[in-house]
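Visitor: I should like to learn how to read the features of a model. Where shall we begin?

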Amino acid sequence: MLIMDRDCKRGGERFAIPTQGEVQGKLTVLEVVAITCLREVLASKNAFAVAALKKKVLRAMKEQCAPFGLSSEDETSVLEYACEFFEEASKEAARQGATKVAAKSAGTARSRASGHG
């Protein structure tokens with residue numbers, strides 16, 4: 001079952017083997033949250049805001065990884081993966097934003113065309 005409570009527990013309860021649905025659910029949550037947040041930042045078309053957000057994400061990743069005592073190679077790998085995830089989520093957010101704008105424009109064009117007929 002997807003519950004944050006279990007993620008916060010200590011010991012064996014926390015490390016119960018998740019089902020494929022749980023894993024997919026968590027990945028979906030991460031993807032949706034990332035894309036939704038990035039869509040909001042990208043809507044401003046402010047490259048500085050996007051770069052600042054990426055920097056904050058990488059800093060937060062370093063802070064989250066510190067307690068695990070990862071090797072420098074593993075930490076580098078995690079940060080590279082975070083960058084890739086950020087870039088892909090940014091592209092997807094931009095794609096979805098462009099699709100919504102195109103759909104909105106098409107709807108407006110249809111309303112105008114039907115209004116003149």
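Guide: Let us begin with burial along one helix. In this predicted model, the buried residues of H2 are Glu22, Gly25, Ala34, Ile35, Leu38 and Val41.

Visitor: What general idea helps in reading such a list?

Guide: An α-helix has 3.6 residues a turn, so residues three or four places apart point the same way. With that in mind, one may look again at the buried positions of H2, among them Ala34, Leu38 and Val41.

Visitor: How many residues does helix H2 have, and what does it reach from its first C-alpha to its last?

Guide: Helix H2 runs over residues 20–43 and has 24 residues. From first C-alpha to last it reaches 34 Å, close to the 34 Å expected at 1.5 Å a residue. Just after H2, Lys45 adopts a positive phi of about 55°.

Visitor: Which pattern does the protein chain follow along the sequence?

Guide: The pattern is α-α-α-α, with four helices and zero strands. Among contacts between residues at least 6 apart in sequence, 54% join residues at least 24 apart.

Visitor: What share of the protein chain is made up of buried residues?

Guide: Buried residues account for 13% of the 117 residues. The accessible surface of the chain comes to about 9200 Å², and 61% of that surface belongs to carbon and sulfur atoms.

Visitor: Is Ser90 buried or exposed?

Guide: A residue counts as buried under 20% relative accessible area. Ser90 has a relative accessible area of 11%, and is therefore buried. Its place is in helix H4. Leaving aside residues up to four places away in sequence, Ser90 touches Leu38 and Leu42. Of these contacts, Leu38 is itself listed among the buried residues of H2.

Visitor: How does one read a pocket?

Guide: Rolling a probe the size of a water molecule over the atoms shows where empty space is left. Here the largest pocket has a volume of about 730 Å³.

Visitor: Which residues lie nearest the centre of the largest pocket?

Guide: Leu30, Ala34, Val57, Met61 and Phe85 lie nearest its centre, within a lining of 20 residues. That lining divides into 17 nonpolar residues, two polar and one charged.

Visitor: Which helix gives the most to the lining of the largest pocket?

Guide: H2 gives the most, with eight residues. Helix H3 (47–65) and helix H4 (72–116), like H2, each supply at least two residues of the lining. Ala34 thus links two parts of this tour: Ala34 is a buried residue of H2, and Ala34 is also one of the residues nearest the centre of the largest pocket.

Key:
Residues numbered from 1 in each chain as written. Predicted model: local features only at pLDDT ≥ 70, side-chain atom pairs only at ≥ 80, totals over all residues. Heavy atoms only, no water. Buried < 20%, exposed > 50% of the residue type's maximum accessible area, 1.4 Å probe, protein only. Contact = heavy atoms within 4.5 Å. Areas by Shrake-Rupley, 256 points an atom, 1.4 Å probe, with all protein chains shown as cover. Expected span 1.5 Å × (residues − 1). 1 Å grid on protein atoms, 1.4 Å probe; cavity = no way out; pocket = protein on both sides within 12 Å on 5 of 7 lines; lining within 4 Å. Points joined across faces, edges and corners; volume = space filled by probe spheres on them. Nonpolar A, V, L, I, M, F, W, Y, C, P; charged D, E, K, R; others polar.
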